[in-house]
Amino acid sequence: MAIYHLNARGIAPARGSSAVASAAYQSGETLRDESTGELKRYARAERIADTGIVLPGGMPALDRQAIWNEAQRVYAGGNELVAKRYEFALPRELDLDGQRACVLDFCGLFNDRACDWAIHDSGDGNPHAHVLVSALAIGPGGFERPKAQKSTKVYLCRYPDGSNVMVEARDWKAAKAEGIEKVYNFKDGERRTMSQAEAQGLTKDDRKTKTPVAVTAKTDGTKAFDAEKAELTSIRAAWAEIANRHLAQAAAMTGSAPQSIDHRSNKDRYMDEQPTVHEGGAGLIGHADRVKLNEEIKARNERLRVLRAELQQEGAALEQLQREVAELERQRGRIEKAKRGRVQGRHKGALAKRRRVAMATAAAAAEAQRRVAMATADQVDTRAEMIAQLDEQIADLDQEVHRLQRGGTAIMMSSNLIKATELAAERKKLADERARLAGDGETRRRRDPPTPEQKRRGPKH
């Protein structure tokens, strides 16, 4: 299946690379580097499937030796690039004509530059292209250096008091005269000027690199690195679009399913799989290690896909279980609600029953109290009536005793006295009964009328 691979390398003498040597390597030709007089020749020319040069419209035909020696001649030095070499994998689903069409479309992205391209295919399933693109635009008069400066080198410097300042390369001599020093990275991770390093007993050998800390900045204020990164991202996306367009055309002609590639990383595509590395040709150094590494990566990715599929199944089962649990919870809620309704109904019925019993009991108690009151009233009336009757009987007895005491003859008086005594005893009983009915705590004794004998004896002195 089609895979995505594209990288870019800057070609500059300051980096130890040569545009002439790069052109010789990818084209399989022997080229002379006029700056050194050396011939650049590389083996394995049999892997070269096709080569070509693309120049802007109106340009006369030029050979690659002339193009790249001229590019190196106009090189301004420093970090300036002579060219960029793009290397990218070609779709195996396309034949050589289709691959060539892809490469020519890629060269069309640089319509004002010189593009030297080559297709390599060793028959190992790794067809790829090399495109060497000039850093400067080229016209009928040769390479054209822009009139306005696009970027400048800026050094991180430090005043004697320790404060930092950024100084452009063109202003360095004036800054140095003011006592400003460049800053270097040291092996211990600290940044120091050489004066600060010497004060701490450090030497040049303690520096991480001989190059001072610096950045290449665009004239518009942006960092050159950020601009280069954005340009590379744009080119990567453009190559994916070119390859996918030709893959779709080939699939339509053959009636097969179209393949596609994606320039984005797995992270940007929200994929958990580990990306494979570019293996390169079978004869390259480290190829076997990269193949082994890719086999391990593919095995891990396959396990990851299996685990992801199992996780999806478990996730679907979990969602179904959650739905079932939710439905059971709803059913339980309905049952609990109905149960609470029944309990509340029974509770209300029990309360009503207890209320009715309480009301009936209260009514019965009130009726009993009414009856007791009535019985008490009747009893009081009866007692009063009995007391009144007793009072009448006692009064009658008193009158009879008085009558008997008034006497007559001695014989009569003796008989009357006996009878009066009997009446007095009867009267006492009636008086006690009356006292009880009247509710006295103790039986109050009424003073009995004197008997005839007491009357004869007279009062005690």
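This section describes the overall architecture, the nonpolar cores and selected local environments of a predicted protein model.

The protein chain has an average pLDDT of 82, and 85% of the residues score at least 70. Confidence falls below 50 over residues 440–447, a stretch that nonetheless has seven contacts in the model beyond near neighbours in sequence. Where pLDDT is low, the predicted coordinates should not be read in detail. The secondary structure of the chain comprises nine helices and 15 strands. Of its 461 residues, 29% count as buried. The accessible surface amounts to about 29,900 Å², with 53% of this area belonging to carbon and sulfur atoms. Among contacts in the chain with a separation of 6 or more, 59% are accounted for by residues 24 or more positions apart.

The largest nonpolar core contains 24 residues, and the members that touch the most others are Y86, F88, V103, F106, V131 and W239. Two or more residues each are given to this core by β5 (83–89), α3 (96–107), β6 (115–120), β7 (128–134) and α6 (224–254). The largest share, six residues, is supplied by α6. Another core, of 18 residues, lies apart from this one and includes V20, V82, A114 and I138. Within the largest core, the surroundings of F106 illustrate how distant parts of the sequence are brought together: with neighbours within four places in sequence left aside, F106 is in contact with L6, Y86, F88, V131, I235, W239 and I242.Helix α1 spans residues 19–27 and is largely enclosed by the rest of the structure, because eight of its nine residues are buried. The buried positions are A19, V20, A21, S22, A23, A24, Q26 and S27. At the start of α1, the backbone nitrogen of V20 is approached to within 3.3 Å by a side-chain oxygen of S18. Just after the helix, G28 adopts a positive phi of about 80°.

Contacts to α1 are made by residues of other elements, including N69 and T51. N69 is located in helix α2 (residues 64–73) and is buried, with a relative accessible area of 6%. Its contacts, not counting residues up to four places away in sequence, are with V20, R32, D33, E34 and S35. The side chain of N69 takes part in two backbone interactions. A polar atom of this side chain lies 2.8 Å from the backbone nitrogen of E34, and the side chain of N69 also reaches the backbone oxygen of Q65 at 2.9 Å.

T51 belongs to strand β4 (residues 48–54). With a relative accessible area of 26%, T51 is partly exposed, whereas N69 is buried. When neighbours within four places in sequence are left aside, T51 is in contact with Q26, S27, R64, W117 and A118. Q26 and S27 are among the buried residues of α1. The C-alpha atoms of T51 and V131 are separated by 9.6 Å, although these residues are 80 positions apart along the chain. V131 is one of the members of the largest nonpolar core that touch the most other members.

Further along the chain, L397 lies in helix α7, which covers residues 287–405. L397 counts as buried, at 11% relative accessibility. L423, which is 26 residues away from L397 in sequence, is 6.4 Å from it in space, C-alpha to C-alpha. Residues touched by L397, not counting those up to four places away in sequence, are L423, E426, R427 and L430.

The cysteines were examined for covalent links. A search of the whole structure finds zero disulfides. For C115, the closest cysteine sulfur is that of C107, at 4.4 Å, which is too far for a bond. C115 counts as buried at 1% relative accessibility, and C102 likewise counts as buried, at 0%.

Notes. Residues numbered from 1 in each chain as written. Heavy atoms only, no water. Core = buried A, V, L, I, M, F, W, Y, C linked by side-chain atoms within 4.5 Å. Buried < 20%, exposed > 50% of the residue type's maximum accessible area, 1.4 Å probe, protein only. Helix = DSSP H or I, 4+ residues; strand = E, 2+ residues; numbered from the N terminus. Contact = heavy atoms within 4.5 Å. pLDDT = per-residue confidence, 0-100. Polar contact = N/O pair within 3.5 Å; in protein donor to acceptor, adjacent residues only side chain to side chain. Areas by Shrake-Rupley, 256 points an atom, 1.4 Å probe, with all protein chains shown as cover. Disulfide = S-S within 2.5 Å.
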